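Please open the model in your viewer and keep the sequence panel beside it, since each stop on this tour begins with a selection. The stops follow in order, and each says what to select and what is there.

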Amino acid sequence: MNTNDATIQDNCPLVDQQQQQQQRIKKCHGNQRDQRFRKICRKRGMQQAKIEQLLNKKKQINNNQNNRTNHHITNMTNDTTLTTTTTTLIINEDVYMTNKTYRQPMYLERSIVALFRRLSKSLNYSIKKKAEKTFLRKRLELLDQCYCLEVELNLWQSYLEIGLEQHQWPEQLIPMAKTNDFDICHQYLITYIEDIKQQIDKQQARLTENSALCSILPVSVNRIDHCLKELIDSERNYLLARNKGQLIKFKDYIYEKKLYELITSQCPTVDQNDLLNQLITIRLKQAEIYEEQLKLEMRILYQFLPENFNLLQSFISPINSVSLNNEQKSIQLKNERIRIIKEAKRKWLHLFLSAYEIKLLEYDMQYQDVLKQLESILSNNTSADNVVLLNTINEYISYHTNRMKQDISNRMSSIRGKLIRNHRHSSSAQNMISVSPEPYLDLVSNPFTTAEWHHLMLGPSCIRLNQNALRPRKQQEIQIKNEHNDILNKVQNNLIEYCHIPRTNSIFREYSNQILDYFHHSYLTRLSYKDRIQAQEQKQIVASIRKKIERQNLVIRVTDKGHNFYIGTAIEFEKKTQNFFADTNAFVELTDNPFNEILNKVIQLLNNLHSKKLILKWQYDKMMPDRKKVELAHLYFNPKTHKDNIPVRPIENTIRAPTTNISNFLDKIIRPIFDKQCYVTTIIDGAHLIRRMNQYTNKDVFKPSTLFCTFDIHNLYTMLPQEESLEIVVEFLHVHGYTKVNSIDPITIKDLASIVIKENVFVYGTKIYKQTTGGAMGSSFTLTLANIFMWKWQKELVQQQNMTNEFFGRYIDDIFMTWNRSERELKELLDQANTWHPNIKLNYKISQSLPFLDVLLTNNNGVFSTSVYHKPSAEPYVVPFISDHPRHVFGNIIQTTLTRAVRYSSTFEAFNNKRRHIKLMLLYNG
């Protein structure tokens with residue numbers, strides 16, 4: 001399907017015009033619209049006779065519209081020559097809204113079951129009989145038509161009042177009346193309003209006639225109408241907002257026209273008029289470019305890029321001609337091809353946006369130049385009238401520009417609908433590789449439907465819409481009660497403890513009632529019909545995905561550093577986990593469950609330490625596990641899709657493990673000591689690294705030949721030697737003069753740390769493992785232990801860097817340093833460091849431009865520059881706008897990403913690149 005029709009043109013820069021002319025235009029063979037209409041009606045269960053009746057009615061309406069548009073209509077703009085039309089022409093022609101009907105709203109077109117379920121709750125009566133449903137549906141249609149007519153009547157009556165007052169009619173009235181003569185338009189509008197009133201009277205008569213059938217329901221007509229009108233108000237309230245916007249636009253247009261007349265009357269010279277026309281022309285050209293840019297952005301948003309973007313996918317064809325016996329290799333090649341095409345399309349889009357922005361900026365500069373010329377001419381005469389005239393010109397241009405933007409916005413709404421329809425009916429669009437983040441599919445073929453795949457594309461951070469609203473009333477009330485009690489208890493305890501307010505104070509009862517009312521309003525308020533349908537559809541899609549994953553023995557995981565889903569077979573994923581166990585050799589499978597033994601060891605150790613007064617009572621209570629809640633830790637793996645053969649990263653869930661309380665306590669008292677004593681060599685985040693490097697460059701040791709070096713430690717957490725690490729903790733405390741930490745001596749800290757590290761047992765699948773080397777990834781104390789171990793390991797390296805005034809910084813297992821000697825000497829040093837400990841292995845990179853964390857640092861011939869860095873494995877993923885997060889979250893995402901761009905970008909060009917990247921990222925995620 002060719003989407004580049006007369007209404008939706010690509011008009012993108014950098015596109016070969018000759019290539020566009022050679023594109024083939026598909027012809028419509030047969031009346032495909034009628035066939036599609038019949039197909040949709042059959043899906044809704046309509047009989048053939050009814051379908052043909054509706055189709056004939058549709059054709060008749062289209063023919064009437066075509067006949068009306070064949071008349072000659074002269075558009076009136078500004079003060080051009082007017083073409084008058086006689087009154088008899090309008091009166092004789094039947095151009096009024098005879099039996100005007102409106103498009104049925106969604107709640108009357110989709111899921112009638114949900115509609116009657118909602119009406120049953122409103123009427124407090126179960127609607128089951130067919131006659132009852134027929135009556136209610138017919139009455140709802142009549143009331144809906146009345147509502148729409150009344151809204152339109154209010155709009156045109158407002159137009160009449162404003163038009164008579166300002167002697168100006170809205171633009172849409174002129175083609176309806178087929179003239180711009182004020183009196184004829186006035187007569188037409190009065191007749192049009194009377195016709196709407198007649199239509200309302202007819203609908204009221206039909207409602208009165210329909211009321212006779214109300215006896216089939218045990219509910220009064222007034223009660224039924226009240227419930228139905230409430231439903232219509234909630235579903236059709238957008239019409240009121242639309243009418244309000246149209247009236248504001250009409251008033252602004254009148255004011256803009258007055259400004260123009262005032263300006264033209266006060267610009268006596270030709271030069272002034274020419275400059276004014278130039279300003280208007282420049283803004284018009286800017287509007288054209290702006291509209292083209294919005295069209296492209298809308299195509300990105302709805303994942304329907306122009307056809308020239310899909311040429312790359314045809315050029316890099318799948319490797320179907322080469323038969324590979326290795327299925328995993330075939331999958332890897334397929335995903336690599338998808339990755340290359342995605343990245344190419346994203347870079348192409350970035351270039352397109354950049355081209356649009358450059359063009360808009362050029363027009364903006366032209367506008368400022370012309371404005372300065374106009375100001376210069378007017379400034380020659382220092383009279384107060386010229387100052388007022390200049391302000392009037394600026395105000396007029398502002399109103400004119402805003403009106404153009406509104407017109408573009410209205411056209412975008414129409415284009416949006418056409419894009420969605422074209423995308424839905426395009427067979428080629430379904431097979432195109434999207435630029436939006438997608439799950440990593442470690443399978444030969446995609447087993448999911450289009451709807452299921454689009455839901456998986458929303459990513460792991462997306463919250464399904466209105467989940468609580470679909471739960472039974474009883475479950476909602478239980479949740480309200482639990483959340484109410486939780487908040488009330490926390491507030492009560494804090495006020496009693498810190499403010500000494502008695503528990504019997506009436507303020508608690510008042511607060512409790514307010515919280516309960518708020519929760520009832522939040523949880524039990526009825527959803528709009530559209531929101532409820534969306535929530536039900538998402539619920540069904542999620543259930544379908546779960547069934548498919550279970551039936552086909554698949555696994556779904558969150559990728560490591562990729563922010564998207566991984567989907568593969570359970571058998572292949574299990575092979576990856578077993579390879580990890582074999583490679584690290586840090587885990588031993590147990591035959592018996594040691595849970596009770598570990599719990600007893602923890603309790604016995606704490607009792608022993610407390611009895612010897614080595615720990616205080618509050619410390620004892622803080623570290624003691626709760627027998628009712630504790631359980632063994634659970635291990636799971638996140639796949640590293642950015643690496644060959646997709647290895648896995650282990651993550652241990654130790655929230656309820658017997659040693660978790662001790663781990664959290666040790667981390668809380670020791671980590672502040674480490675942060676204080678090692679802040680010179682510790683990097684907190686990217687902004688902290690930039691500040692430290694700016695201090696380094698100010699020391700006059702930064703040269704054009706200065707090298708950057710980064711290296712990371714391979715599997716640091718799992719390769720920590722346990723006994724040696726515990727000894728280093730004691731050494732660290734002694735070196736920095738800590739004989740006691742929170743009244744606990746280093747030996748006792750070692751004993752507590754020992755049970756955390758050595759009694760690390762977890763469940764994976766149906767098996768139980770014990771870690772013999774390193775600590776648990778997921779345990780808070782493991783991070784502090786790894787930092788202290790690296791403090792010992794890096795001593796010699798830090799000493800050498802300090803002797804030569806070089807920079808050294810470490811973020812856990814990642815290290816960044818500078819070097820002003822030869823690259824060969826640096827490699828010799830790093831190779832030597834690789835032998836300092838058998839468990840520590842380095843992977844290093846040396847260059848004058850290197851990424852570290854999320855910063856790209858560059859030595860550009862002695863000029864230090866920075867910019868935001870994105871790992872190649874990271875998808876441009878943020879929480880999708882459709883997610884049921886609080887609305888402030890999305891504003892915070894934009895603010896956070898832009899703030900980081902400002903902090904990290906050392907040049908305006910780097911910031912602009914990042915700003916465009918953020919814009920595209922938001923479009924990719926809806």
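Begin by selecting helix 2 (32-43) and helix 15 (384-425), each of which supplies at least two residues of a positive patch. The patch lies on the surface of this predicted model, and its members are Arg 33, Arg 36, Lys 58, Arg 421 and Arg 424. To complete the selection, add helix 3 (residues 48-69), where Lys 58 is found; Lys 58 counts as partly exposed because its relative accessibility is 34%, and the partly exposed class runs from 20% to 50%.

Now zoom out to the whole chain before going further. The protein chain has 32 helices and 15 strands, and its C-alpha atoms fill a box of roughly 105 × 80 × 75 Å, taken along the principal axes. Of its 926 residues, 44% count as buried.

Next come the salt bridges, of which the structure holds 33. Select Glu 235 and Arg 118, which form one of them, with the closest N and O atoms 3.1 Å apart. This pair links distant parts of the chain, as Glu 235 belongs to helix 10 (residues 221-236) and Arg 118 to helix 6 (residues 112-123), 117 residues apart. Are these two residues buried or exposed? Both Glu 235 and Arg 118 are buried.

Move on to helix 17 (residues 473-498) and select Arg 473 and Glu 477, which are separated by about one helical turn because they stand four residues apart in that helix. Their side chains meet in a salt bridge, with 3.3 Å from N to O. Arg 473 is exposed, with a relative accessible area of 51%, whereas Glu 477, at 39% relative accessibility, counts as partly exposed.

For another pair, select Glu 759 and Lys 601, whose salt bridge has its closest N and O atoms 3.2 Å apart. Here too the pair links distant parts of the chain: Glu 759 sits in the loop between helix 27 (746-758) and strand 8 (761-764), while Lys 601 is in helix 21 (residues 595-611), 158 residues apart. Glu 759 is buried, with a relative accessible area of 14%, and Lys 601 is partly exposed at 32%. Then select Glu 343, Arg 346 and Glu 875, which are joined into one network by salt bridges that share partners.

The remaining stops concern backbone geometry. Most residues other than glycine have a negative phi. Select Asn 553, which is not a glycine and yet has a positive phi of about 55°; look for it in the loop between helix 19 (529-551) and strand 2 (554-558). Asn 553 counts as partly exposed, at 43% relative accessibility. Then go to the loop between strand 5 (633-639) and strand 6 (648-653), which contains Ile 646. The phi of Ile 646 is also positive, near 50°, but this residue counts as buried, because its relative accessibility is 6% and buried means under 20%.

Finish at strand 10 (residues 808-811) and strand 11 (residues 814-819), which pair in the antiparallel sense over four bridges. With both strands displayed, pick Arg 810 and trace across to its bridge partner in strand 11, Ile 815. What do strand 10 and strand 11 form, and how many residues lie between them? They form a hairpin with two residues between them, and in the turn Ile 812 has a positive phi of about 55°.

Technical notes. Residues are numbered from 1 along each chain as its sequence is written. This is a predicted model: local features need pLDDT of at least 70, side-chain atom pairs count only at pLDDT 80 or more; totals for chains, interfaces and linings use all residues. Side-chain values use heavy atoms; hydrogens and water are left out. Patches are made of residues with over 30% relative accessible area and no salt bridge: like charges are joined within 9 Å, nonpolar side chains (Val, Leu, Ile, Met, Phe, Trp, Tyr) within 5 Å. Accessible areas come from the Shrake-Rupley method with a 1.4 Å probe; for residues, only the protein chains shown count as cover. A salt bridge is a side-chain nitrogen of Lys or Arg within 4 Å of a carboxyl oxygen of Asp or Glu. Lys and Arg count as positive and Asp and Glu as negative; His and the chain ends are not counted. The place of a charge is taken as NZ of Lys, CZ of Arg, CG of Asp or CD of Glu. Buried means under 20% relative accessible area, exposed over 50%, partly exposed in between (1.4 Å probe, protein chains only). Two strands pair if DSSP finds at least two bridges between them.
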